[in-house]
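Reader: I have a structure to go through with you. Could you take me through the fold and then the details?

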Amino acid sequence: QVQLVESGGGLVQSGESLRLSCAASLFIFGHYGMEWHRQVPGKQRQLVASISASGATTNYADSVKGRFTISRDNAKTTVYLQMNSLKPEDTAVYYCHSPRHAAWGQGTQVTVSS
């Protein structure tokens, strides 16, 4: 069964940075695109960023363009989300997702204080 384990969340102040990591196992990581989503209580889960299998193509939600960067290291079977210039509205639980396998990680909390 596909396993995705996120790490790197925490509490930061507005304007600071965090880097999330998602370690994947039990599938051929380098063959598939990956995504980061986020969710706040009472709202639907939102797609934040996606990356192709090779890493050559990335896409971002308008709300994070220019501030967040998704990347991957296929040798380490890990996908990253570098989050800069964080805002209070970025506060959410962030999830790693493999669309091909319909797999989700357990989530990591990001809290940005003003």
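Author: We can begin with the overall make-up of the chain and then turn to one sheet, a disulfide and the C terminus. Please keep in mind throughout that this is a predicted model.

Reader: Fine. How many helices and strands does the protein chain have?

Author: The protein chain has 0 helices and 11 strands, and read from the N terminus the order of elements is therefore simply β-β-β-β-β-β-β-β-β-β-β.

Reader: And what is the radius of gyration of the protein chain?

Author: The radius of gyration is 13 Å, close to the 13 Å that the globule rule gives for 114 residues, so the chain is as compact as a globular protein of that length. Along the principal axes, its C-alpha trace spans about 40 × 25 × 20 Å.

Reader: What share of the residues is buried, and what does the chain expose?

Author: Buried residues make up 39% of the 114 residues, while the exposed area comes to about 5,900 Å², of which carbon and sulfur atoms supply 48%. Among contacts with a separation of 6 or more, 52% are between residues 24 or more positions apart.

Reader: On to the sheet. Which strands form it, and in what order?

Author: It is an open sheet of 4 strands in the order β1-β3-β8-β7, with antiparallel pairing. Strands β1 (3–7) and β7 stand at the edges with a single partner strand each, so one side of each has no neighbour in the sheet. From one strand to the next, the twist averages 15 degrees.

Reader: Which strands does β8 pair with, and over how many bridges?

Author: Strand β3 (residues 18–25) runs antiparallel to β8 and is joined to it by 6 bridges, and β7 (residues 68–73) also pairs with β8 in the antiparallel sense, over 6 bridges. To place individual residues, C22 has V79 in β8 as its bridge partner, and F68 stands opposite M83 in β8.

Reader: Is β8 largely enclosed or left open?

Author: Of the 6 residues of β8 (residues 78–83), 5 are buried, so the strand is largely enclosed by the rest of the structure.

Reader: What about the hairpin of β7 and β8, how many residues lie between the strands?

Author: There are 4 residues between the strands of that hairpin, and T77 takes a positive phi near 45 degrees there.

Reader: Back to C22. Which residue does a disulfide join it to?

Author: C22 is joined to C96, with an S to S distance of 2.1 Å. The pair links distant parts of the chain, since C22 is in strand β3 and C96 in strand β9 (residues 92–98), 74 residues apart. A search of the whole structure finds 1 disulfide.

Reader: Left-handed or right-handed? And are C22 and C96 buried or exposed?

Author: The torsion about the S-S bond of C22 and C96 is about -80 degrees, so the disulfide is left-handed. Both C22 and C96 are buried.

Reader: Last topic, the C terminus. Where is S114, and is S114 buried or exposed?

Author: S114 lies in the segment after β11 (108–113), and with a relative accessible area of 85% S114 is exposed, because anything over 50% counts as such.

Reader: Which residues does S114 touch?

Author: Leaving aside residues up to four places away in sequence, S114 touches S14 and P88. By contrast, the C-alpha atoms of S114 and L47, 67 residues apart along the chain, are separated by 24 Å.

How values were computed
Residues are numbered from 1 along each chain as its sequence is written. This is a predicted model: local features need pLDDT of at least 70, side-chain atom pairs count only at pLDDT 80 or more; totals for chains, interfaces and linings use all residues. Side-chain values use heavy atoms; hydrogens and water are left out. Buried means under 20% relative accessible area, exposed over 50%, partly exposed in between (1.4 Å probe, protein chains only). Helices (H or I, at least four residues) and strands (E, at least two) are DSSP runs, numbered from the N terminus. Two strands pair if DSSP finds at least two bridges between them. Axes are lines fitted to C-alpha atoms, for helices over the stretch in contact, and angles run from 0 to 180 degrees between N-to-C directions. A disulfide is a pair of cysteine sulfur atoms within 2.5 Å. The radius of gyration is taken over C-alpha atoms; the globule rule is 2.2 Å times the number of residues to the power 0.38. Contact means heavy atoms within 4.5 Å. Accessible areas come from the Shrake-Rupley method with a 1.4 Å probe; for residues, only the protein chains shown count as cover.
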